[in-house]
Amino acid sequence: MSQTQASATIEAPLADVNAVISDLANYPTWSSAITAVKVVESDAQGRATKVEMKVNSGPLRDTVVLDYEWSAAPEQISFSLSDADLLTGMDGFYKLEADGDETILTYALTVELNMPVPAMMRQKAEKAFIDQVLKELKAHIEG
């Protein structure tokens, strides 16, 4: 299954972008698609490793539990679905690249549903979700 991804250039240093992306508990303060977050488990550095979040974006509406992987941080933060009500898969990553004083942020996502959905419709929903998150994240960081 192919991943849907998009990138945005954010006018902020990589460390600032990473700080916002790493602060999962505060996603609802800037993301209209993620309406609630509960950190279930954290690692020794205090980074969330298991998170329950409510996703509400068009056809993507569910309560999901995601496992976060930090081994490639701050350049990449990956996540995979642990549990959900409707989704059977939700995997992806944020990839950050420093570009002078700016950061190029790539967000990749693959969603699998518990019902048959044409690939084109699934990818359209993924793209809408990614675009919404990138737009709101950029606005939040750039003020």
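Q76 has its bridge partner in β6, and that partner is K95. This pair makes a handy way into the structure, which is a predicted model. Q76 belongs to strand β5, residues 76-84, and K95 to strand β6, residues 87-99; the two strands run antiparallel and are joined by four bridges.

K95 is worth a closer look. Sitting in strand β6, K95 is partly exposed, because its relative accessible area of 35% falls between the 20% under which a residue counts as buried and the 50% over which it counts as exposed. Setting aside neighbours within four places in sequence, K95 touches E75 and Q76 on one stretch of chain and I104, L105 and T106 on another. Another residue to look at here is I77: its C-alpha atom is 6.7 Å from that of K95, although 18 residues separate the two along the chain.

Just ahead of this region comes a small oddity in the backbone. The loop between β4 and β5 contains P74, and the peptide bond leading from A73 to P74 is cis, with omega near 5°. As a rule, most peptide bonds are trans.

Now for the whole sheet. Seven strands make it up, in the order β1-β7-β6-β5-β4-β3-β2, with antiparallel pairing, and the sheet is open. The strands at the edges are β1 (4-10) and β2 (34-42); each has a single partner strand, so one side of each is left without a neighbour in the sheet. On average, neighbouring strands are turned by 20° against each other, direction ignored.

Going through the sheet pair by pair gives a feel for how it is put together. At one edge, β1 pairs with β7 in the antiparallel sense over seven bridges. Within that pairing, S7 has T106 of β7 as its bridge partner. T106 has come up already, as one of the contacts of K95. Next along, β7 pairs with β6, also antiparallel, over 12 bridges. Here G89 stands opposite E112 in β7. β6 and β7 form a hairpin with two residues between them, and G100 in the turn has a positive phi of about 65°.

Over at the other edge, β2 and β3 pair in the antiparallel sense over seven bridges. Two of the matched positions are I34, which stands opposite V55 in β3, and K38, which stands opposite E52 in β3. The hairpin of these strands has five residues between them, and G46 takes a positive phi near 85°. From β3 the sheet carries on to β4: eight bridges join these two strands, which run antiparallel. V55 turns up again in this pairing, this time with D62 in β4 as its bridge partner. The hairpin of β3 and β4 has two residues between the strands, and G58 takes a positive phi near 55°. Most residues other than glycine have a negative phi.

What lies across the sheet? Helix α1, residues 14-22, lies across β1, β5, β6 and β7 (102-113), running at about 160° to β6. Helix α3, residues 119-142, lies across β1, β2, β3 (48-57), β4 (60-69), β6 and β7, and runs at about 15° to β1.

Which residues of α1 are buried? They are L14, V17, N18, V20 and I21. Seen down the axis of α1, these buried residues fall within an arc of 165°, so they line one face of the helix. They pack against quite a list of elements: β1, α2 (27-30), β5, β6, β7 and α3.

The packing of α1 against α3 can be followed in more detail. The axes of the two helices come within 11 Å and cross at roughly 120°. That angle makes α1 oblique to α3. The crossing is right-handed. On the α1 side, the contact is made by V17, V20 and I21, while α3 brings in L137, H140 and I141. V17, V20 and I21 are also among the buried residues of α1.

Definitions and conventions: Residues numbered from 1 in each chain as written. Predicted model: local features only at pLDDT ≥ 70, side-chain atom pairs only at ≥ 80, totals over all residues. Heavy atoms only, no water. Pairing = 2+ DSSP bridges. Axes fitted to C-alpha atoms, helices over the stretch in contact; angles between N-to-C directions. Contact = heavy atoms within 4.5 Å. Buried < 20%, exposed > 50% of the residue type's maximum accessible area, 1.4 Å probe, protein only. Arc of directions from axis to C-beta. Parallel < 35°, antiparallel > 145°, perpendicular 65-115°, else oblique. Left-handed = near helix turned anticlockwise from the far one by under 90°.
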